[in-house]
Amino acid sequence: MPFLSETLARVKPSPTVAVSQLARELADAGKDIISLGAGEPDFDTPENIKKAAIAAIHAGKTKYTAPDGIPELKQAICDKFQRENGLSYQPSQVSVSTGGKQVLYNALMASLNPGDEVIIPAPYWVSYPDIVRLGGGTPVIVDCPMGTGFKLTPDALEAAITPNTKWFLFNSPSNPTGAGYSWDELKALTDVLLRHEHVWVLTDDMYEHLAFDDFKFCTPAQVEPKLYDRTLTVNGVSKAYAMTGWRIGYAAGPEVIINAMRKIQSQSTTNPCSISQWAAVEALNGPQDFLATRCDAFLRRRDLVVAGLNDCAGITCPTPEGAFYVYPSVAGCIGKTSEGGRKIENDEDFATALLEEKGVAVVFGAAFGLSPHFRISYATSDEALTEACDRIKSFCAGLT
Ligand SMILES: Cc1ncc(COP(=O)(O)O)c(C=O)c1O
């Protein structure tokens, strides 16, 4: 009898975590590495949020809490959905977990049975297919190439739906492409979903606040209120409030799924960290004006990186609507050989050679289900980004 679970064979370790780890190890060994792999803002958590956490510690808010969140945080989340998305929820329709990742994990563990399919547009956030497999479901990957702006078309969605489809997993603005769906684009998708009453919508709105130019964020239950009763809207404080380490994510939706998620959570992590929950109350209820300032900084960096990459031979980089990622194509580099002698047969070879020869860590596109591309997280300083673009340019110029 094997010692390890058969479930383990269905999942891979996160490639983005692996790239960041490798970059850290090379840097620790004295190499000059620019790490553009990690998906987290370089900004610090705002002072008022830190103070709220410290106050919570002093006030003794250091004990177990209700499994899926303290009432104060659930209310703050209801207020946020009303204020920012025009969505009306009661606290009984809200679940708080240890990061957005655990929210998704709970939702899928609580709802999937063998044979259930989850539609995932590719490129996708690396964890989606693996969490679906952990839950015993089957990911149904739908390619969304650069030519369609990395966006799912209504026809492709229609074609992917079967009687076994349980969820449509939607993410806008997207990790890894930064693509954001306009109201009309999303409405075209929700029109398809209206025709298939057995399909639920799992929308991951983690990058809501990172929206650029004239792109306006919108979410499925807002665009099509008739989907409210079968939509779970996921969000969190990790990216917008620079709180990745605090581990607070949340969702709102029908009580049937919220109650099931509570049951899973009560038998796994019990509750999200009490101190982080109080910090999240302040994040959601406190001043929001810094979000726009930070967004401006990300916009400047986006423009810097898009221009820098489009100046590299063999690379084409579209301009994303949001998040803090770009997802350039390296189609023009495939088949060439690097100065260090590596044949670039795919995007993983490209990323490996770039790291080894120029010290720039990026994540290869195959990890996100669409090649030949790579992802850059530009949530780092302008200086590091400028230097990284120079190194990528020199790497590409050396390809023969
Ligand atoms: C699209 C998307 N969803 C969810 C998450 C998970 O967020 P958290 O750190 O709150 O678990 C991430 C983090 O990278 C993400 O990019």
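Tutor: Two residues are said to be in contact, or to touch, when heavy atoms of the two lie within 4.5 Å. This is a predicted model, in which local features need pLDDT of at least 70 and side-chain atom pairs count only at pLDDT 80 or more, while totals for chains, interfaces and linings use all residues. Residues are numbered from 1 along each chain as its sequence is written, and side-chain values use heavy atoms, with hydrogens and water left out.

Student: With that meaning of contact, which residues does Arg 301 touch?

Tutor: Leaving out residues up to four places away in sequence, Arg 301 touches Asp 42, Phe 43, Tyr 378, Ala 379, Thr 380, Ser 381, Asp 382 and Leu 385. Arg 301 itself is found in helix H11, which runs over residues 290-310.

Student: What makes a stretch of the chain a helix or a strand, and how many of each are there?

Tutor: Both are DSSP runs numbered from the N terminus, where a helix is a run of H or I of at least four residues and a strand is a run of E of at least two. By that count the chain has 13 helices and twelve strands.

Student: Why is the chain called as compact as a globular protein of its length?

Tutor: The radius of gyration is taken over C-alpha atoms, and the globule rule is 2.2 Å times the number of residues to the power 0.38. For 400 residues the rule gives 21 Å, and the radius of gyration of the chain is 21 Å, close to that value, so the chain is as compact as a globular protein of that length. Along its principal axes, the C-alpha trace spans about 60 × 55 × 55 Å.

Student: Why is Arg 301 called buried?

Tutor: A residue is buried under 20% relative accessible area, exposed over 50%, and partly exposed in between, using a 1.4 Å probe and protein chains only. The relative accessible area of Arg 301 is 5%, and therefore Arg 301 is buried. Across the 400 residues of the chain, 54% count as buried.

Student: What class does Ser 274 fall in, and how do you know that?

Tutor: Ser 274 has 7% relative accessibility and therefore counts as buried. Ser 274 lies in helix H10, residues 274-285, and, leaving aside its neighbours within four places in sequence, is in contact with Lys 61, Thr 62, Lys 63 and Thr 65.

Student: What makes Ile 264 partly exposed?

Tutor: Its relative accessible area is 25%, which lies between the two limits, and therefore Ile 264 is partly exposed. This residue lies in helix H9, residues 255-266, and touches Asn 106, Met 109 and Ala 110, not counting residues up to four places away in sequence. Ile 264 and Met 109 are 155 residues apart in sequence, and their C-alpha atoms are 7.7 Å apart in space.

Student: How do you know how many disulfides the chain has?

Tutor: A disulfide is taken as a pair of cysteine sulfur atoms within 2.5 Å, and by this rule the count comes to zero. For Cys 333, the closest cysteine sulfur, in Cys 396, is 4.3 Å away, so that pair is too far apart for a bond. For Cys 144, the closest cysteine sulfur is in Cys 218, at 16 Å, and this too is too far for a bond. Cys 144 is buried, with a relative accessible area of 1%, and Cys 333 is buried, also with a value of 1%.

Student: What makes the peptide bonds before Pro 123 and Pro 176 worth pointing out?

Tutor: Most peptide bonds are trans. The bond from Ala 122 to Pro 123, however, is cis, with omega near 5°, and the bond from Asn 175 to Pro 176 is cis, with omega near 25°. Pro 123 is found in the loop between strand E3 (117-122) and helix H5 (127-134), whereas Pro 176 is in the loop between strand E5 (165-171) and helix H7 (183-194).

Student: And what makes the phi values of Arg 247 and Thr 270 stand out?

Tutor: Most residues other than glycine have a negative phi. Arg 247 has a positive phi, near 65°, and Thr 270, although not a glycine, has a positive phi of about 70°. Arg 247 is found in the loop between strand E7 (231-236) and strand E8 (249-252), and with a relative accessible area of 31% Arg 247 is partly exposed. Thr 270 is found in the loop between H9 and H10, and at 32% relative accessibility Thr 270 counts as partly exposed.
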